[in-house]
Amino acid sequence: MLEQRLEQLVENTVVSLPEAHTGLVLVVLVGFSFSLSHVFSLLANRLKPRQILFHVLLDSLVLAAALLIASFINMVLIALHTQLLVEPKQFFNAIGGALAPGLFYVLVAAPYVSDLIAIAIWVLIHLNVITLVHLRFGLPYAEVVPLVTPGYVVALVLIALLFRSSWRRSYDRLASEFRA
Amino acid sequence: MGTSAPHIQSQVHRHRANWRGLVVVLVLAVVIALVGVSRMEALLRDLLSLSILRQVGIGIGLFFLILIPLTGIYSVVSQYAFWEGWLEGIPQPAELLQANARHEGGQQVRRFVIYLDGIHQQEKDHPPRVSAFLEELKQRLADDHRLVRDLETYTFLPVALADDSGSAWFWRRLFHWQEHHPNGFVQLLAAVLVQANNVIKVGISSDRRYGPIRNYELALKITLRLAEEGFDPSQGSELVLLGYSGGGEMAMGVADYLRSICKVPVQIITFCGVFSGNQLLERTKQVTLVVGTRDPVAAFGRIAYPGRLPLLPFSKWNKVCRQGLVQREVIAGMNHNGNRGPFSERYRGDVVGRVLDVLRQTERAG
């Protein structure tokens, strides 16, 4: 029964995701903003403009994919918990709107205050998603929080992994070259 | 003649400001007459409603929330423009020392004491109080020590802010307002903006992402100046970085780079220092903090940079402290600036004395 329902959800998502234009555009823009916030790591390593553009776009798409995976996890958990029919197209469009604070993530490029801005944006995104699910599905906050937190954690982990494997390594490599 | 020209110029400015004020008042009077006093009253009542004031407040708050990070990003952009070689090209350290070396053939210098000023610095020349402090330090330094001063700590090119490519027009206008604007509030605002720019530079230096490049660029600039002062790495001289306030952060930022570029031991002395301590300091000879008991700015530095709090025992600063590399010298009653600051006549001699004591101690310790 569970397997069947999951299969149906995945199928529906695959079919209707390309139709969720608003959500997809917003998620890609948020990914672009995330990626742009670390563009200086590419400049630091003296990449050529074309290489920088390629990296920024690639990172944007990877980040957008990470956010979509996290949103998909949220959707599955909600559907399984509430037994309601969740329409993926509407869900992803709404989630795209909830991710809107991420459009300002580019400001994380600012020195010194970057951590504060990043934390504020992540908290805002989580609060937005919680409120969205609470209002749309009529669930109490006590139920919504455990439902949407796993997706949020997955998004954080995926982005942290990208940060570790790409951006931070670029900054660190540079620092170690100087000190050699 | 020479003295009357600026006076006439300031009078012309004042007259022009008066004329502008008169025109504004006249325009307002005409508008009020045309619209009618009663209509104006209703309009003002609407405008001053609580909800509109709240919206205006939120708008202004949001504007500043976005403006502050954008200003920081602009500063980083200019730093990277230099790094990428888009401005004048970044020199190689070895070439720097060879090309600019000026052997004077005089007495061998045992120590170069490099002064890095606080965030009030606008140009090469220091304010009169700082100059008096440096003059006293120079006179009391040992014969084989040389004071290197007049370094622009907050620009990476060997130019003042007013010559900074891209923003020179802005800084020149700001400096002019700071000195000559008839309105005191505008003068104050201009001074705050100049200092805010330098605060951003301190923030960049302490940032784990941008700090390395910023500090490396400043280290190159100091190396260039050292070469002009006759520094020769083969002579076995030592470097002492003396930083006041934000200059303390810059000193800690450049210390390890200077050590690797110049291949000589580097020691840091800060007074009233505001610094992050998140740089590599293990290979520094010693770090001495001269602090005043009534210095709220230096105390705020510990909160602004939580890595210095004992709550984070594995931070770089706390590790260096555990290694015994950090020494504190406390001066009772000293403030951060003003009449009780380190440049005041009251404390100047005391601060210089402590700096000299530290230099003597480290010399004895070898």
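How many bridges join strand S5 (residues 287–292) of chain B to S6(B)? Six bridges do, and the two strands run parallel. The legends below describe close-up views of a predicted model.

**View 1. Strands S5 and S6 of chain B pair in parallel.** Strand S5 covers residues 287–292 of chain B. Strand S6 of chain B covers 326–331. One residue to pick out is B:Val291. Its bridge partner in S6(B) is B:Val330.

**View 2. Six strands of chain B form an open sheet.** Read across the sheet, the order is S2-S1-S3-S4-S5-S6, with parallel pairing. Strand S2 (145–148) and strand S6 (326–331) of chain B stand at the edges. Each has a single partner strand, so one side of each is left without a neighbour in the sheet. On average, neighbouring strands are turned by 20° against each other, direction ignored.

**View 3. Helix H12 of chain B lies across four strands.** Helix H12 spans residues 345–365 of chain B. The strands beneath this title are S3 (238–244), S4 (266–271), S5 and S6 of chain B. Against S6(B), the helix runs at about 155°.

**View 4. The largest nonpolar core holds 100 residues.** Five residues touch the most other members: A:Leu67, B:Ile114, B:Leu241, B:Val254 and B:Leu258. These five include residues of chain A and of chain B. Helix H4 (residues 49–82) of chain A gives the most to this core, with 10 residues. In soluble globular proteins, nonpolar side chains tend to be buried together.

**View 5. B:Val254 and its contacts.** Neighbours within four places in sequence are left aside here. B:Val254 is then in contact with B:Asn215, B:Leu218, B:Ala219, B:Ile222 and B:Leu241. B:Leu241 is also among the core residues that touch the most other members.

**View 6. The side of chain A that touches chain B.** The contact takes 17 residues from chain A and 22 residues from chain B. On chain A, helix H3 (39–44) and helix H7 (141–179) each supply at least two residues. H7(A) gives the most, with five residues. By type, the residues on this side of chain A divide into 14 nonpolar, one polar and two charged.

**View 7. Chain B as a whole.** The secondary structure of chain B comes to 12 helices and six strands. Chain B has 366 residues, and 35% of them count as buried. Take the contacts in chain B between residues at least 6 apart in sequence. Of these, 74% join residues at least 24 apart.

How values were computed
Residues numbered from 1 in each chain as written. Chains lettered and ligands numbered in written order. Predicted model: local features only at pLDDT ≥ 70, side-chain atom pairs only at ≥ 80, totals over all residues. Contact = placed C-beta atoms within 7 Å. Nonpolar A, V, L, I, M, F, W, Y, C, P; charged D, E, K, R; others polar. Buried ≥ 20, exposed ≤ 12 C-beta atoms within 10 Å, placed from the backbone. Core = buried A, V, L, I, M, F, W, Y, C linked by C-beta atoms within 7 Å. Pairing = 2+ DSSP bridges. Axes fitted to C-alpha atoms, helices over the stretch in contact; angles between N-to-C directions.
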